[in-house]
Amino acid sequence: MSIPKNHHYISQAHIRNFFNAEKKEIYLFDKIQNRHFKKNTTKTIFSEKNLNTKRLDNNAYDYSTIEEELNQNFEKDFPGCVEIVKKFIETKDLNDETQEALLYLSGYGLIAELRTPFRKKNTDNALKNGLKIIMEMGTDELKAEYSRFFDFNDEVKYSNSLNYIEFANNIIKAMGDLIFSIEIPQNENDYFILPDFGAATVRERINNHFNPDAKEIAYIGLPLTSKLYLHFSSSKLKILPKPPGIHYVTSEQIYVLNKANYDYAQQTIACENLEYLESFCQRINSLLI
């Protein structure tokens with residue numbers, strides 16, 4: 001049985017929340033090529049061959065370990081957590097189950113951009129440049145290990161050295177108590193878009209006693225579905241970017257949020273509704289004229 005090598009940097013469980021189930025299509029816009037297109041499956045959207053493949057010490061390839069870790073810790077329970085959030089919106093009962101679901105989704109949001117090809121490449125380049133001077137003065141054995149570590153090819157494109165589970169746990173601990181905000185469109189013809197980085201994070205100075213000069217992740221913005229947007233803020237922030245609770249937001253507020261995600265996206269955004277996506281992109285293009 002062959003091992004899948006097409007690895008998603010945005011979980012299919014997440015992408016499906018922006019899939020038009022009635023028409024069995026998802027609508028995309030490539031802002032680099034200024035091109036609209038659609039897919040009738042999520043299998044090839046926001047994915048790359050061998051994205052999470054690692055090279056083992058014996059120069060063999062590990063195609064599945066990172067995929068399995070991501071699935072077990074950040075993806076497998078994603079659909080269930082979304083349903084719990086939807087139930088909370090109806091009942092307003094912030095019970096233990098709801099809080100656990102929100103915590104799970106915050107962890108997913110924390111690692112979202114780190115999974116993308118753009119961020120992996122930038123991380124490896126920074127690591128490679130940082131070690132270059134040290135390696136030039138190292139032993140032949142150390143130089144050989146350095147070359148092997150950064151010897152990328154079609155099978156291994158990135159070092160994939162980050163431990164996502166440890167990273168998410170450490171950041172959540174540093175953020176302290178999380179304050180959440182849920183935004184829902186007032187107008188049924190409005191939709192949230194899904195950008196190709198999955199979820200946004202913002203850094204601020206939040207640990208003044210231990211690390212006063214360092215900016216750490218203090219905010220997570222996660223477009224959860226076409227109709228739900230989650231915001232998580234550290235309770236250590238002096239001013240919250242979003243008021244806590246459930247909020248029904250205007251068309252203009254949704255446009256501003258979608259525009260910010262569009263601007264930060266590397267190339268592609270996805271949407272459940274073709275008419276909204278076309279109108280949204282036309283408005284953005286009109287600003288460029």
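## Salt bridges

In this predicted model, the side chains of Lys-5 and Glu-155 form a salt bridge, with N and O 3.5 Å apart. Lys-5 belongs to the segment before strand 1 (6–8) and Glu-155 to the loop between helix 6 (140–149) and helix 7 (164–175), so this pair ties together parts that are 150 residues apart in sequence. The two partners differ in their burial class: Lys-5 is partly exposed at 30% relative accessibility, whereas Glu-155 is buried, its relative accessible area of 18% falling under the 20% limit for that class. In total, the count of salt bridges is twelve. Side chains of opposite charge can pair when their charged atoms come close.

The loop between helix 6 and helix 7 also carries Asp-154, which is joined by a salt bridge to Lys-49 with the closest N and O atoms 3.4 Å apart. Lys-49 is located in strand 4 (residues 47–49), and 105 residues separate the two partners, so that distant parts of the chain are linked. Asp-154 is partly exposed, with a relative accessible area of 44%, and Lys-49 is also partly exposed, at 40%. A further salt bridge pairs Arg-283 with Glu-252, at an N to O distance of 3.1 Å. This pair links helix 9 (residues 274–288), which holds Arg-283, with helix 8 (residues 251–264), which holds Glu-252, across 31 residues. Arg-283 is partly exposed at 36%, as is Glu-252 at 40%.## Nonpolar cores

The largest nonpolar core comprises 49 residues. Within this core, the residues that touch the most other members are Ile-26, Phe-46, Phe-78, Leu-105, Ile-182, Leu-224 and Leu-230. Helix 4 (residues 96–112) supplies the largest share of the core, namely eight residues. In soluble globular proteins, nonpolar side chains tend to be buried together.

The surroundings of Leu-230 can be described in detail. When neighbours within four places in sequence are left aside, Leu-230 is in contact with Leu-102, Leu-105, Ser-181, Ile-182, Ile-220, Gly-221, Leu-222 and Leu-224. Apart from the largest core lies another core, of 22 residues, which includes Tyr-27, Ile-193, Phe-197 and Leu-277.

## The largest pocket

The largest pocket holds about 380 Å³ of space. Its lining consists of 22 residues, and those nearest the centre are Tyr-9, Phe-46, Asp-196, Gln-267 and Thr-268. Strand 2 (26–30), strand 3 (35–39), strand 4 and helix 5 (117–136) are the elements that give two or more residues to this lining.

By class, the lining of the largest pocket contains nine nonpolar, six polar and seven charged residues. Phe-46 appears in two settings: among the residues nearest the centre of this pocket, and among the members of the largest nonpolar core that touch the most others. Strand 4, which contributes to the lining, is also the element in which Lys-49 lies.

## The second largest pocket

About 320 Å³ of space is found in the second largest pocket. This pocket is lined by 17 residues, and Asn-6, His-8, Gln-12, Glu-67 and Glu-75 are the closest to its centre. At least two lining residues come from each of strand 1, helix 1 (12–15) and helix 2 (65–75).

Helix 2 gives the most to this lining, with four residues. The lining of the second largest pocket divides into five nonpolar, seven polar and five charged residues.

## Individual residues

Thr-65 is part of helix 2, an element that also lines the second largest pocket. With a relative accessible area of 32%, Thr-65 is partly exposed. The C-alpha atoms of Thr-65 and Asn-52 are separated by 8.4 Å, and the two residues are 13 residues apart along the chain.

Two lysines have a positive phi although neither is a glycine. Lys-24, with a phi of about 55°, lies in the loop between helix 1 and strand 2. Lys-24 is exposed, with a relative accessible area of 55%. For Lys-92 the phi is about 60°, and this residue is placed in the loop between helix 3 (78–91) and helix 4.

Note on methods: Residues numbered from 1 in each chain as written. Predicted model: local features only at pLDDT ≥ 70, side-chain atom pairs only at ≥ 80, totals over all residues. Heavy atoms only, no water. Salt bridge = Lys/Arg side-chain N within 4 Å of Asp/Glu carboxyl O. Buried < 20%, exposed > 50% of the residue type's maximum accessible area, 1.4 Å probe, protein only. Core = buried A, V, L, I, M, F, W, Y, C linked by side-chain atoms within 4.5 Å. Contact = heavy atoms within 4.5 Å. 1 Å grid on protein atoms, 1.4 Å probe; cavity = no way out; pocket = protein on both sides within 12 Å on 5 of 7 lines; lining within 4 Å. Points joined across faces, edges and corners; volume = space filled by probe spheres on them. Nonpolar A, V, L, I, M, F, W, Y, C, P; charged D, E, K, R; others polar.
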